[in-house]
Amino acid sequence: MSGPPSLIDDIRAALSPHGLFLRGSLHLDSDGPDIGSDQRARTILLIGHEGSSHWSAFRHWQATSPDGDLPDPLDRWSKAALTPIAQQFDATAFFPSDPPFQPFQQWAMRAEGLKASPLGILIHPRLGLWHGYRAALAFADPLDGAGAVEVGPFPCDACQDKPCLRTCPASAILPEGFQYQPCRSHLARAEGVACLEQGCLARNACPVGAEYRYTHDQLRFHMAALKR
Ligand code: B12
Ligand code: SF4
Ligand code: SF4
């Protein structure tokens, strides 16, 4: 994304202490989400993490905040970190886990040119499967300097071996997509401990962006959430 004017740079600077990045942006017409006062968002800035970039900031908040022991701490941290930033820049914040679900993956496809891997997760040419979205900042006006970025070719096209399709012990990753029920049943059984401790074996098998692979603490946290 090209940088000017300074609003985009200022938002990047505000995200940095939280280990978060401005991942991409898109302009919307009548299909933008409702931001109140009879208005729809015309610009969306997608905020996310790269690998474990946000993890130490999140864990520090969790250890020091009175809300750290409450359910869904990562979602609570996202709100604690990003709501003030949204207010500072006159934006409306949307969060991925808040119903009604906003189409974060469709937005990311448009903003970053990403496509879905066989796991259902969007794959990034540099980060592989090791990234996610923490919020979208929505603006009532088209924003100068915000526009789609083209990040590179779709890695799954060049992946001959496709190890993700033959690693899952529950056969939950099929060419037609991720099957939630077999995965969930496997995680509930004793054999599911390997996925719970090491992270999704199919995701781990992907060679793209291996240096961005999540820390063990982060992998266990996400697997515990998936098992619930
Ligand atoms: C509900 C949900 C799930 C459900 C899926 C149920 C279903 N069949 O839809 C379950 C619980 C299974 C799930 C699992 C995971 N999810 Co999920 N999930 C969501 C959530 C909150 C809503 C999806 C939705 O309905 N969106 C609304 C529609 C209108 O938006 P959309 O962009 O058009 O939706 C797309 C997705 O629904 C997608 N889709 C359809 N089925 C599935 C199944 C899976 C597993 C995924 C990932 C996507 C997906 O296709 C749509 C078309 O593009 C999104 C956040 C969000 N707001 O999008 C995260 C989200 C899609 N999940 C995400 C992730 C990372 C995961 C997990 C890896 C998390 C984990 N704990 O391990 C696992 C995947 C496990 C695996 N082995 O691959 C990320 C994906 C990031 C990325 N790089 O693409 C998101 C965007 C959340 C985030 N904070 O970044 N998820
Ligand atoms: S292993 Fe290959 S096909 Fe599977 S997600 Fe990674 S790049 Fe795509
Ligand atoms: S978590 Fe385990 S069972 Fe679920 S899709 Fe990944 S490898 Fe398969």
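## Ligand 2 between the domains

In this predicted model, ligand 2 lies between domain 1 (6-154) and domain 2 (156-227), because both of them give residues to the shell around it. Those two stretches, 6-154 and 156-227, are what the domain assignment of the protein chain gives.

As for the spot itself, ligand 2 sits in the largest cavity.

## Who is in the shell

Taking the residues around ligand 2 in sequence order, we start with Ser117, Pro118 and Ile123. Next come Cys156, Cys159, Lys162, Pro163 and Cys164, and the list ends with Cys206, Pro207 and Val208.

What is the mix of nonpolar, polar and charged residues in that shell? Nine are nonpolar, one is polar and one is charged.

## How the two domains meet

Now for the domain pair. The C-alpha centres of domain 1 and domain 2 are 24 Å apart, and 25 residues of domain 1 are in contact with 25 residues of domain 2. Between them the two domains bury about 2,100 Å², with 67% of that on carbon and sulfur atoms. On the domain 1 side, Pro118, Leu119 and Trp130 lose the most area to domain 2, and together they make up 38% of what that side buries. Pro118 is a name to remember here, since it also turns up among the residues around ligand 2.

## The salt bridge

How many salt bridges are there between domain 1 and domain 2? The count is one. Elsewhere in the listing of side-chain pairs, Arg59 and Asp217 meet in a salt bridge, at 2.8 Å from N to O.

Definitions and conventions
Residues numbered from 1 in each chain as written. Chains lettered and ligands numbered in written order. Predicted model: local features only at pLDDT ≥ 70, side-chain atom pairs only at ≥ 80, totals over all residues. Heavy atoms only, no water. Near = heavy atom within 4 Å. 1 Å grid on protein atoms, 1.4 Å probe; cavity = no way out; pocket = protein on both sides within 12 Å on 5 of 7 lines; lining within 4 Å. Sits in = over half its atoms within 2 Å of the grid points. Nonpolar A, V, L, I, M, F, W, Y, C, P; charged D, E, K, R; others polar. Domains from an automatic or database assignment. Contact = heavy atoms within 4.5 Å. Buried area = accessible area lost by both parts, 1.4 Å probe. Salt bridge = Lys/Arg side-chain N within 4 Å of Asp/Glu carboxyl O.
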